[in-house]
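Thanks for coming, everyone. I would like to walk through one model with you this morning, so please have a look at it first.

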Amino acid sequence: MSAHDPQFAPGPHGPRHGRRTHAADPLRRRSDRVEAWVSRLVLLLLVIGLPVAAVSVGLAAYSSQMRVVHTESAERHQVTARLTEDAAGPLMVSDGDDFQRAPVRWTEEDGAQRAGTARVPPGTEAGETVRVWVSHDGAVARAPLSPGTAAANGWLAGGVTAGGVAAAVLAAQTGVRHVLDRRRYAQWDAEWQVVEPQWSARFRQ
């Protein structure tokens with residue numbers, strides 16, 4: 001059989017420079033192309049969407065907390081109060097600090113006498129003075145929210161958002177991949193039902 005026999009005729013020329021595109025790949029299924037596009041979208045969301053969402057939520061939380069800082073700072077002020085009894089009662093913890101409650105009395109700038117129950121260091125005795133935050137109506141209040149706490153809350157909100165976005169995107173990708181795999185398995189089963197009789201017949205001859 002000569003080299004001029006049509007059986008040895010060269011086939012269609014491949015792409016130049018030996019390059020093959022995904023579109024020309026006969027083994028590349030539609031589900032493979034969908035999965036590739038989903039992967040690109042996931043990468044785009046993680047690289048661009050995740051930071052944008054985290055920063056936006058973090059800044060919004062920080063701005064909201066700073067408004068609270070300004071409002072509470074404007075509505076409260078500190079006074080020097082004197083304990084009228086020894087600090088007693090159970091030892092409590094707040095923001096990492098131990099304290100007890102004790103009755104205190106102080107004088108406002110207008111000369112008005114005020115009294116209330118405030119948080120004081122453990123073991124503070126009657127007659128000692130402490131700094132107490134009070135509202136405009138003369139009631140003992142907690143310290144205003146600090147800018148540092150507002151910034152920490154902003155960072156926390158941004159971090160939680162970043163984690164939530166990442167988890168949602170990756171979960172969606174996993175779901176899409178699961179659906180595509182089920183379609184591929186079904187396609188393989190259908191194709192095998194067609195090919196298997198022909199394949200088995202070769203060995204029965």
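**A buried glutamate and its partners**

Let me begin with Glu72, which counts as buried because its relative accessible area is 8%, under the 20% cut-off. Please keep in mind throughout that what you see is a predicted model, and that every value I quote is computed from it.

What does Glu72 meet in a salt bridge? One partner is Arg76, with the side chains of the two residues meeting at 3.8 Å, N to O, and Arg76 is itself buried, at a relative accessible area of 18%. The other salt bridge that I want to show you joins Glu72 to Arg142, where the closest N and O atoms are 2.9 Å apart. Here the location matters for the reading, because Glu72 sits in helix α1, residues 30-75, while Arg142 is in the loop between β5 and α2 (147-204), so this pair ties together parts that are 70 residues apart in sequence. Taken together, Glu72, Arg76 and Arg142 are linked in a network of salt bridges, and a search of the whole structure finds two such bridges.

Now let me step back to the chain as a whole. It holds two helices and five strands, and the order of these elements, read from the N terminus, is α-β-β-β-β-β-α. Of its 205 residues, 22% count as buried. If we take the contacts with a separation of 6 or more, 60% of them are between residues that lie 24 or more positions apart. The chain exposes about 14900 Å², and carbon and sulfur atoms supply 58% of that area.

Next I would like to turn to the loop between β4 (113-120) and β5 (129-135), where Glu125 is found, along with Thr124 and Pro122. Is Thr124 buried or exposed? Thr124 is buried, with a relative accessible area of 6%, and, leaving aside residues up to four places away in sequence, it touches Leu83, Asp86, Ala87 and Val130. Pro122, by contrast, counts as partly exposed because its relative accessibility is 41%. With the same residues up to four places away left aside, Pro122 touches Leu91, Asp98, Phe99 and Gln100. Pro122 and Pro90 are 32 residues apart in sequence, and their C-alpha atoms are 9.5 Å apart in space.

Glu125 leads us to the surface, since it counts as partly exposed at 47% relative accessibility. Which residues gather with Glu125 in a patch of negative charge on the surface? They are Glu85, Asp86 and Glu128, and Asp86 is also one of the residues that Thr124 touches.

There is a second surface patch to point out, and this one is nonpolar: Leu41, Leu43, Leu44, Leu45, Val47, Ile48 and Val52 form it, with about 630 Å² of accessible area together. Leu44, as one of these residues, lies in helix α1 and counts as partly exposed, at 46% relative accessibility. Helix α1 therefore holds both Leu44 and the buried Glu72 with which I began.

I will stop there, and I am happy to go back to any of these places in the model.

Technical notes:
Residues are numbered from 1 along each chain as its sequence is written. This is a predicted model: local features need pLDDT of at least 70, side-chain atom pairs count only at pLDDT 80 or more; totals for chains, interfaces and linings use all residues. Side-chain values use heavy atoms; hydrogens and water are left out. Patches are made of residues with over 30% relative accessible area and no salt bridge: like charges are joined within 9 Å, nonpolar side chains (Val, Leu, Ile, Met, Phe, Trp, Tyr) within 5 Å. Accessible areas come from the Shrake-Rupley method with a 1.4 Å probe; for residues, only the protein chains shown count as cover. A salt bridge is a side-chain nitrogen of Lys or Arg within 4 Å of a carboxyl oxygen of Asp or Glu. Lys and Arg count as positive and Asp and Glu as negative; His and the chain ends are not counted. The place of a charge is taken as NZ of Lys, CZ of Arg, CG of Asp or CD of Glu. Helices (H or I, at least four residues) and strands (E, at least two) are DSSP runs, numbered from the N terminus. Buried means under 20% relative accessible area, exposed over 50%, partly exposed in between (1.4 Å probe, protein chains only). Contact means heavy atoms within 4.5 Å.
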